[in-house]
Amino acid sequence: MRWLVALLLLALAAPVTAQDTMPPAPYAYTQLEDPAQEEQARELMHTLRCLKCQSQSIADSDAPMAGDMRHQVRTRIAAGESPDEIREWLISRYGDYVSYEPQISSTTWPLFVIPLIVLLLAGTVLLRRMRRKS
Amino acid sequence: MNLTRLRYTLWGIVGLAAALFGLFAYQLSQPKDEFVHSAMIGEPMPAFDLPPAVESRPGLSSADLADGTPKLLNVFASWCIPCAAEAPQLEALERAGANIVAVAIRDRPADVNRFLAIYGNPFTRIGRDDISEVQLSIGSSGVPETFVIDGDGVITYQHIGDIREEHVPILLEELRKAGS
Amino acid sequence: MIAEIGLAALWLSAALAVLQLVGGFFGARDETNELRALVRPAAVLQAVLCVISFLCLVWVFYVTDLSVKLVANNSHSMKPLAFKLSGAWANHEGSMLLWITVMAAAGGLIAFIERRLPERAMMATLGTQAFVGIGFYLFILLASNPFERLSPVPADGNGLNPLLQDMGVSFHPPTLYIGYVGLSVAFSFALGALLTRNVTPEFARVMRPWVLGAWIFLTIGIAAGSYWAYYELGWGGWWFWDPVENASLMPWLAATALLHSASVLAARDALRTWTIMLGVVAFSMSMVGTFLVRSGILTSVHAFAVDPERGSFILALLALYIGGALVVFAMRASTIAEGQRFSITSREGALVVNNVALSAILGIVLLGTLYPLLTEAFDVRVSVGPPYFNPVSAIFLVPMLLVLAVGPLLRWRRDSLARIKWPVIVIVVAILVVLIAAALFAEMSILPLLGIALAAGVGIASFMPLRGRSLRRTPLAIWGMCIAHFGVAVSLFGMAADSAFQQERLVAANVGDTIEIGPWEATLQSISPVAGPNWTAMQADMFYSYEGGPLMEGHPQARSFWAPPGETSEVALITRWNGQLYAAVGNMAEDGRWQLRLWWKPFVTWIWYGGLLIALGGVIALVGRVVSDLRRREAEARGEARPYPDEVEYADYDEVRSIAGPEEAKS
């Protein structure tokens with residue numbers, strides 16, 4: 001009896017969310033046969049941003065679009081594209097926003113230069129102190 | 001560290017904090033742009049060939065978009081509520097002479113037929129995209145979105161979200177620009 | 001009625017805060033001013049009233065008083081009791097009330113307990129605490145009143161976001177908040193010391209236990225939050241470098257640095273300016289974090305209660321308090337005399353390296369978190385995520401961990417590596433052996449490889465400071481340090497092992513199918529609907545067996561909530577000492593098979609065990625400090641002079657002074 005009530009409630013609850021009823025793309029929830037390729041795909045998917053979600057990678061999301069993006073990644077890897085090519089392909093569609101891995105460019109260089117400056121600064125301060133006392 | 005240098009460093013930090021607060025204040029005053037814009041504006045349509053989504057209309061391929069006439073490409077789905085809301089505006093655009101083609105995202109033919117029966121069918125062609133393939137390849141990140149494609153198949157404009165009444169003239173103007 | 005009592009209590013505490021500020025101001029200028037007598041009672045009473053106010057809010061949530069707007073918006077009569085109560089703080093207004101309650105409670109405790117500081121410094125500290133408090137009282141009373149009534153009264157409430165209907169949420173935000181806001185104490189002590197020119201070892205000793213307390217809560221809060229994200233989001237990730245996560249990490253990094261630099265100041269009267277700076281920065285990071293979460297200017301998976309107008313209010317508070325503190329600091333810094341000097345090969349030297357590295361990581365996290373905001377001002381959107389944060393912070397983390405292994409073995413002031421030659425060799429050999437073995441026998445990328453090797457080194461090194469000591473006479477603070485450092489190694493090992501060895505299986509399974517994953521076999525026995533108080537779910541009944549051993553049960557669910565509507569994935573976790581099997585169930589495919597997601601995550605639980613060990617180390621050190629302070633007070637009451645443990649520690653090494661030679665000894 002209890003499960004019947006539950007099923008009824010489930011059926012009632014379902015139409016509330018406006019989402020498609022289509023099955024996910026073939027490789028949205030299916031891994032590639034070749035473990036090495038799947039590993040490549042997995043690493044890449046963890047660095048691509050889900051565009052319909054709030055700050056999640058496509059590897060961490062149930063959104064249908066994230067599933068479709070995973071399908072793209074897996075089929076392209078299986079077809080022999082390199083992860084960097086796929087990232088480039090997506091960036092040429094959506095801009096840098098889609099990649100969690102900032103590419104060094106005219107807009108992102110401070111991200112890499114500032115840590116370098118911090119490192120040099122920290123290094124010189126420590127070296128100086130060492131020399132002074134030895 | 002001698003004292004003068006310490007003092008300069010500290011005032012430097014005060015300056016940095018002030019700049020940070022300035023940035024915060026500026027961003028607070030800006031309306032937040034939640035949309036992800038396509039990076040494909042000005043680029044030719046990537047090659048694709050989609051089967052028809054319904055029997056009454058042919059499918060859509062990239063070649064159809066480079067046949068000399070500028071078009072509107074509507075990315076929609078029957079399960080998307082804003083897509084239904086923009087139907088009157090699409091009809092207005094059609095009446096104004098726009099050639100509108102569509103891609104149905106993750107949709108079943110029966111559902112698309114029902115949707116078109118209720119909300120009208122302003123489309124000349126409807127391609128069926130079950131895995132968001134074309135959607136991804138043109139940098140669209142949701143439904144509905146409407147693109148303006150010129151006669152050579154180059155994407156010239158992207159409208160994100162449902163088309164409201166005030167957007168109709170903008171889209172017609174973009175379409176006119178794409179035609180000249 | 002209860003809501004009005006809560007509101008009245010809040011107004012009264014705000015008034016008391018003003019009184020405390022006035023008293024503190026005059027008391028700090030002149031220690032004979034009679035107004036200062038107001039300060040301590042005002043602080044204590046304020047704490048009591050705030051607690052009453054907060055309990056009133058919990059009460060209206062307990063009885064689901066829907067005439068209170070906040071309850072109507074965030075609760076529902078059918079919600080389980082635990083989540084009704086946690087609903088009190090799982091929203092903007094309630095969490096701000098929790099914020100001010102923690103702040104008032106911390107101020108009240110200090111006023112009630114702390115007697116060691118000079119009166120003027122104490123008055124300045126409590127005055128600052130009140131000054132910061134007033135801003136937040138204004139914010140709550142003017143812009144986020146939690147007790148606002150609603151008319152007409154709705155039939156039922158809107159409920160709570162399903163993701164937040166979880167025991168993790170009942171527990172994680174209050175813990176984090178106590179940590180966040182507890183750091184206001186460091187801020188107040190630092191400003192109090194700065195304003196009264198009283199930056200002394202005494203000040204560091206007084207501040208340290210309070211910071212330690214806040215830091216313990218922060219550590220537990222971050223670990224709990226990470227575990228919550230791990231099991232609630234359903235994809236096995238435990239840290240996403242999400243802006244809100246970073247917002248909790250940044251105060252922790254600053255507080256950790258502060259604890260270590262305060263040790264140097266307490267024992268050796270060095271790093272005075274630096275310690276003050278960290279005191280200001282730690283709480284500033286708490287406020288910046290709150291601002292980022294509440295204003296909604298950054299996109300985050302945890303974003304809630306986003307409101308730009310409230311954002312402006314918090315920004316104004318930020319500018320006033322952080323900006324004000326930094327300006328005071330810049331003006332006063334020259335009056336803080338430089339502290340004692342020391343050699344880089346010494347305990348202080350190691351702690352300086354630790355501080356520099358922690359601050360650098362803090363800087364990088366801040367940069368990476370805010371960078372997208374900066375580019376958005378120029379209409380360019382970028383994302384900064386794990387592929388940036390992991391390697392860039394590792395640049396500083398790796399040397400820091402190496403120094404962490406060796407530093408505690410060094411003596412204060414001046415030492416030579418030759419003296420600790422053997423322990424260093426043992427540590428280095430351990431690191432190298434693990435590094436080479438892991439590189440040869442396991443396919444690992446560079447970061448997990450370094451992580452595992454360093455975890456081995458730090459793990460062995462963490463208990464070396466106990467070498468040659470009588471274990472019973474070793475101060476508790478030393479024990480605390482060893483355990484916390486060991487926790488770092490444990491946690492690091494968990495992180496590295498999970499990222500190097502985890503296995504993933506995504507399958508569409510029929511009922512009766514058995515799936516192999518790593519050493520496990522998982523069987524989908526049946527799948528059926530179940531109902532909870534405000535949700536229904538499809539539940540997979542699964543059996544799991546490790547290397548053919550006995551069957552264990554676990555029931556992942558795909559839940560649908562209806563008030564408000566939403567879906568969550570309830571995962572099944574099968575925990576062994578060496579890791580966790582993580583199972584989640586998705587939708588049914590067209591052919592009737594079910595989507596299952598399975599992960600075998602070796603040693604993943606060690607991440608949080610490590611976090612708890614770090615916190616435990618903090619607790620032990622805190623107990624040690626408090627006990628030794630009580631003993632010292634008793635001894636003083638008897639008229640005996642009793643030195644601080646720091647001084648004893650330092651005196652142990654006094655022979656170093658004679659080796660150092662007369663020219664060194666006089667500085």
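**Salt bridges, a helix pair and an interface**

This predicted model holds 29 salt bridges over all chains.

Q: What makes Glu38(A) and Arg74(A) a salt bridge?
A: Their closest N and O atoms are 3.0 Å apart, and the cut-off is within 4 Å, so the pair counts. Glu38(A) sits in helix α2 (residues 35-45) of chain A and Arg74(A) in helix α3 (residues 64-78) of chain A, so the bridge ties together parts that are 36 residues apart in sequence.

Q: How do you know which residues form a salt bridge between chain A and chain C?
A: The rule finds one across that interface. Arg597(C) pairs with Asp62(A), with the closest N and O atoms 3.3 Å apart; the limit is 4 Å, so this one passes too.

Q: What makes up the interface of chain A and chain C?
A: Chain A puts in 47 residues and chain C 53 residues. About 4500 Å² is buried between the two chains, with carbon and sulfur atoms giving 65% of that.

Q: Why are α8(C) and α17(C) called roughly antiparallel?
A: Look at the angle: the axes of helix α8 (residues 201-232) of chain C and helix α17 (residues 606-637) of chain C cross at roughly 165 degrees, coming within 9 Å. Angles over 145 degrees count as roughly antiparallel, so the label fits this pair. The crossing of α8(C) past α17(C) is left-handed.

Q: What kinds of residues meet where α8(C) contacts α17(C)?
A: There are 14 nonpolar, five polar and two charged ones. Among them are Trp215(C) and Ile216(C) from α8(C), and Ile614(C) and Leu622(C) from α17(C).

Notes
Residues are numbered from 1 along each chain as its sequence is written. Chains are lettered from A and ligands numbered from 1 in the order in which they are written. This is a predicted model: local features need pLDDT of at least 70, side-chain atom pairs count only at pLDDT 80 or more; totals for chains, interfaces and linings use all residues. Side-chain values use heavy atoms; hydrogens and water are left out. Axes are lines fitted to C-alpha atoms, for helices over the stretch in contact, and angles run from 0 to 180 degrees between N-to-C directions. Helices (H or I, at least four residues) and strands (E, at least two) are DSSP runs, numbered from the N terminus. Angles under 35 degrees count as roughly parallel, over 145 as roughly antiparallel, 65 to 115 as roughly perpendicular and the rest as oblique. A crossing is left-handed if the near helix is turned anticlockwise from the far one by less than a right angle, and right-handed if clockwise. Contact means heavy atoms within 4.5 Å. Ala, Val, Leu, Ile, Met, Phe, Trp, Tyr, Cys and Pro count as nonpolar, Asp, Glu, Lys and Arg as charged, and the others, Gly among them, as polar. Buried area is the accessible area (1.4 Å probe) that two parts lose on being put together, summed over both. A salt bridge is a side-chain nitrogen of Lys or Arg within 4 Å of a carboxyl oxygen of Asp or Glu.
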